[in-house]
Amino acid sequence: MPIYAREGVRYAWLVDPIARTLEVLSLVSSRSWERGPIHRDAARVRVAPFEAIELDLSVLWAK
């Protein structure tokens, strides 16, 4: 995460396929990440910076 911050990446999504979660982080200063919501399982979500698109998380966990 420090490297992403240094390079100016403003958003990060942490995907855990075992826990079936999508965690959203956003860069609030040059080195500080703010944790956003954690979405789970088959949620349908709109996540920064792509709020215009609804994501169906169940597609990520499909076998």
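In this predicted model, valine 15 lies in strand β1, which spans residues 11-16. Is this residue buried or exposed? Valine 15 counts as partly exposed, because its relative accessibility is 45%, and the partly exposed class lies between the 20% and 50% cut-offs. Valine 15 also has company on the outside of the protein: together with Trp13, Phe50, Ile53 and Leu60, it forms a nonpolar patch on the surface. The accessible area of these residues together comes to about 470 Å².

Turning from the surface to the interior, the largest nonpolar core consists of six residues. Its members are Leu22, Val24, Val45, Val47, Leu57 and Trp61. A helpful piece of background here is that nonpolar side chains tend to be buried together in soluble globular proteins. Which residues does valine 24, one of the core members, touch beyond its neighbours within four places in sequence? The contacts of valine 24 include Val47, itself a member of the core. Valine 24 is also in contact with Ala12, Trp13, Glu34, Arg35, Gly36, Pro37 and His39. Among these partners, Trp13 is one of the residues of the surface patch described above.

Charged residues come next. As a general point, side chains of opposite charge can pair when their charged atoms come close. How many salt bridges does a search of the whole structure find? The search finds four. One of them joins the side chains of arginine 6 and glutamate 7, with an N to O distance of 3.0 Å. Both partners count as exposed, since the relative accessibility is 60% for arginine 6 and 56% for glutamate 7, and exposed means over 50%.

Arginine 44 takes part in a network of salt bridges that links it with Glu54 and Asp56. In the bridge between arginine 44 and glutamate 54, the closest N and O atoms are 3.0 Å apart. This pair links distant parts of the chain, 10 residues apart: arginine 44 belongs to strand β4 (residues 44-45), and glutamate 54 to the loop between β4 and β5 (55-56). In the bridge between arginine 44 and aspartate 56, the closest N and O atoms are 3.1 Å apart. Here too the pair links distant parts of the chain, with strand β4 holding arginine 44 and strand β5 holding aspartate 56, 12 residues apart.

As for accessibility within this network, arginine 44 is exposed, with a relative accessible area of 53%. Glutamate 54 is partly exposed at 39%, and aspartate 56 is partly exposed at 27%.

Notes: Residues are numbered from 1 along each chain as its sequence is written. This is a predicted model: local features need pLDDT of at least 70, side-chain atom pairs count only at pLDDT 80 or more; totals for chains, interfaces and linings use all residues. Side-chain values use heavy atoms; hydrogens and water are left out. A nonpolar core is a set of buried Ala, Val, Leu, Ile, Met, Phe, Trp, Tyr and Cys residues joined through side-chain atoms within 4.5 Å. Buried means under 20% relative accessible area, exposed over 50%, partly exposed in between (1.4 Å probe, protein chains only). Contact means heavy atoms within 4.5 Å. Patches are made of residues with over 30% relative accessible area and no salt bridge: like charges are joined within 9 Å, nonpolar side chains (Val, Leu, Ile, Met, Phe, Trp, Tyr) within 5 Å. Accessible areas come from the Shrake-Rupley method with a 1.4 Å probe; for residues, only the protein chains shown count as cover. Helices (H or I, at least four residues) and strands (E, at least two) are DSSP runs, numbered from the N terminus.
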